[in-house]
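Subject: Structure for your review

Dear colleague,

Please find below the structure that I agreed to pass on to you. I would be grateful if you read the notes that follow with the model open beside them.

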Amino acid sequence: MAVIEAQGVSKRFLLRHNAAVELKVRFLALLHPAKRQSLEEFWALKQVSLRIERGDAIGLVGRNGSGKSTFLKVIAGIHRPTTGRLLVADGARICSMIELGVGFHPELSGRENVFLSASIHGLSRVEIERIYERVVEYSGLQHFIDVPIKNYSSGMYMRLGFAIAANLEPDVLLLDEIFAVGDADFQQRCVETVNSFIAQGKTIVFVSHSPSAIRSICKRVCVLEHGELIFDGDVEAGLGFYDDLLAGRAPAAVTDRL
Amino acid sequence: MLPRRPGRSMSIVLDGLLAATVNLAAYWLRFRSDRVVAFFPGVWSTTPFLVAGQLAGLVIAGAYDPRPRLDWLFRVIVGIVAGTAVAAGVVGLTLGFDGVSRSAFVADAIFMTIGAIGWRGVWVLRLRAQLRSAFRSSGDDLIDHATELTTLRGMGSSLYRYRELLRNLVLKDLKLKYRGSVFGFMWSLANPLLMVVVYTVAFRFILQVRSAGFVFYLMLGMLSWTFFANSATMSTGAVIDNAGLLKSVRFPRAILPIATVLFNLAQYLLTVSVFLPAMMLWYSVPLAAPMLLFPVFLALQVFFTIGVALLLATGTTFFRDIRHLLEVGLSVMFWLTPIVYELRNVPERLQLFILLGPVSPFVVAYHQLFVYREWPSGDVWLAAVSYALGAFVVGAIVFLGFEDQLMEQV
């Protein structure tokens, strides 16, 4: 059963170099209809169609600027597709961990930030109170939970952020390279948590540049290049395909499912 | 499914009826009910000019042509303002201004704009709701969540689902404001208290204003003005200062400006709940039945302020200049609102102008309730209700219309 279905999703960004220029351009456009299209367009995603089944663990790979993060944000509902449609299963909770410690305010204590951050992800007070103990235990910050987080080390900050994300009980979890920041211990912990999600039948979409992280989590790999989906299939084949792409030996789209 | 807009001829008829009604209302506002009969000849002779002028303005500005997005909003405003100005000029040249009220033209233009945008706005919101249900029924168990937040009902229900976030955002601001200060919450009471002392010295002893309750009058207006002005100022940053949040989580964006309004409302209520009873005791203001209407006008003011906040938050993401413009605008608006002076002391022909200042209806209503202890007059009701609904509808359609673009602008 599909949880997420992208139907020909394209996303266009208008590059505005300077707001003052833009005002001038708009004014000129009133006088010269021909100049109306002078804003620079950039298509971050082009006609991406992808069906994600419940329980899938998909690794999104691609060079910097290939549209991975944009696609993740479209799935998360942060960006709206310019054309095409992005469908999600009714009632599925999609949590994006594009950044750790979303909405944290340095002056607030750890406890207050847990409540704030969890409510940004749409949890009700009852739900937050239910997961609160688990979050604190997972983060291992029992002694510091009432200290303003401006006094936290960056490691503590990340641990708290990840502890919240790990306990949001999502149906679909979107991860964007967040493991890259922590030490080996932290990364190990993250991979274990994500694997336990998969064991529970949750759906993961994971953006990473690390082949080892992809191998340890994903069952399926999608390669994006210049906003187009050029490979969709098995992990090893996908990583091999991506290596070839990086080395410039672009193989003629040998894809499983395309 | 609803058509994208009502047919052109139907729209024109609707606008024409609206223009005629509004003209009558403007005259009623200008001359109050007791004297309006004497001015009926003036109404009948100007109505055709105004209706024709406004409709012509709307047609020329292209308000009836199919336009993308919210283009019509600006065209409607431009069309009505220009149409009214031309009609007023024609009336002046042909009939002369004897027995014709010029300030009624201004009132006419304002209420015509609110009315014309209002019915179109309601149409747009209904259309969005229908589009959404059409989208929903097309898929099997998958839904397109891009269409979810763009309806008023979608916005309402998502605000309800995210009420914990709304509460936490308001609490966060309240906590942060006083955290670390020794007197904490006492400051939100100390500031108005100092204001009372300063105003008493300034107005009673230096300027020698004789009326005893003047400081009470002043504070009533000042506190509700502060609520509005602070909300407006903070709302300009509500979206752009939270860029990091917008870029990493999906949540109803309207929460951000609404939270700033509620934060200021919380502060206003805290202050008022202490100061209003205290000042009423101090200045021995007797209780009166009209005071029961306070929550009604406060609710109207909150609606109005939320509408303005949604508009400013969206506007600032596209044009940062709005922040600076607002600073100047607020200081002009402060003097256009009867806070430091009394509306009844304003020259009679200017009273309507002052009453139509954006925040004036609310402030005047509080004065009527607490200082004059009388039921709010019809013109105050009309202005307060139409400003509240007008601002809310415009704020909602602008915010919903541009919500998907906010992300790309922050």
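The secondary structure of chain A comes to eight helices and nine strands. Please keep in mind that this is a predicted model. Chain A has 258 residues, of which 42% count as buried. Among the contacts in chain A with a separation of 6 or more, 71% are between residues 24 or more positions apart.

The sheet in chain A

In general, the strands of a sheet pair through backbone hydrogen bonds, either parallel or antiparallel. Chain A contains an open sheet of six strands with mixed pairing, in the order β5-β6-β7-β3-β8-β9. Its edge strands are β5 (94-97) and β9 (228-233) of chain A, each of which pairs on one side only. From one strand to the next, the twist averages 15°.

At one of these edges, β5(A) pairs with strand β6 (residues 172-176) of chain A in the parallel sense, over four bridges. Within this region you can locate A:Ser96, which stands opposite A:Leu174 in β6(A).

At the other edge strand, please look at the loop between β8 (220-225) and β9 of chain A, where A:His226 is found. The phi of A:His226 is near 50°, a positive value in a residue other than glycine. As background, most residues other than glycine have a negative phi. Is A:His226 buried, exposed or partly exposed? A:His226 is partly exposed, because 14 other C-beta atoms lie within 10 Å.

Where the two chains meet

How many residues of chain B are in contact with chain A? There are 26 residues of chain B in contact with 34 residues of chain A. On the side of chain B that touches chain A, at least two residues each come from β1 (142-144), α6 (163-178), α9 (243-248) and α15 (378-409) of chain B. Helix α6(B) gives the most to this side, with five residues. By class, the residues of the side of chain B that touches chain A are eleven nonpolar, four polar and eleven charged.

Strand pairing also links the two chains: strand β4 (residues 83-89) of chain A and β1(B) run antiparallel and are joined by three bridges. In this pairing, A:Ala89 stands opposite B:Leu142 in β1(B).

Helix packing in chain B

Two packed helices are described by the angle between their axes and the distance between the axes. Two such pairs in chain B share helix α11, and I describe them in turn.

In the first pair, helix α8 (residues 214-235) of chain B packs against helix α11 (residues 294-318) of chain B at an angle of about 25°, with their axes 8 Å apart. Angles under 35 degrees count as roughly parallel, and α8(B) is therefore roughly parallel to α11(B). The crossing of α8(B) and α11(B) is right-handed. From α8(B), the contact uses B:Ser224, B:Phe228, B:Ser231, B:Ala232 and B:Ser235, while α11(B) contributes B:Gln301, B:Thr305, B:Val308, B:Ala309, B:Leu312 and B:Ala313. Six of the residues in this contact of α8(B) with α11(B) are nonpolar, five are polar and none is charged.

In the second pair, the axes of α10(B) and α11(B) cross at roughly 140° and come within 9 Å. That angle makes α10(B) oblique to α11(B). The crossing of α10(B) and α11(B) is right-handed. Here B:Leu256, B:Pro257, B:Ile258, B:Thr260, B:Val261 and B:Leu265 in α10(B) meet B:Val302, B:Thr305, B:Ile306, B:Ala309, B:Leu310 and B:Ala313 in α11(B). The contact of α10(B) with α11(B) has ten nonpolar residues, two polar residues and no charged residues.

Two further residues of chain B

B:Pro277 lies in helix α10 of chain B. It counts as exposed because it has 11 C-beta neighbours inside 10 Å. B:Pro277 and B:Trp225 are 52 residues apart in sequence, and their C-alpha atoms are 19 Å apart in space.

B:Ser284 lies in the loop between α10 (255-282) and α11 of chain B. Although B:Ser284 is not a glycine, it has a positive phi of about 40°. With 8 C-beta neighbours inside 10 Å, B:Ser284 counts as exposed.

Yours sincerely

Notes:
Residues numbered from 1 in each chain as written. Chains lettered and ligands numbered in written order. Predicted model: local features only at pLDDT ≥ 70, side-chain atom pairs only at ≥ 80, totals over all residues. Axes fitted to C-alpha atoms, helices over the stretch in contact; angles between N-to-C directions. Parallel < 35°, antiparallel > 145°, perpendicular 65-115°, else oblique. Left-handed = near helix turned anticlockwise from the far one by under 90°. Contact = placed C-beta atoms within 7 Å. Nonpolar A, V, L, I, M, F, W, Y, C, P; charged D, E, K, R; others polar. Pairing = 2+ DSSP bridges. Buried ≥ 20, exposed ≤ 12 C-beta atoms within 10 Å, placed from the backbone.
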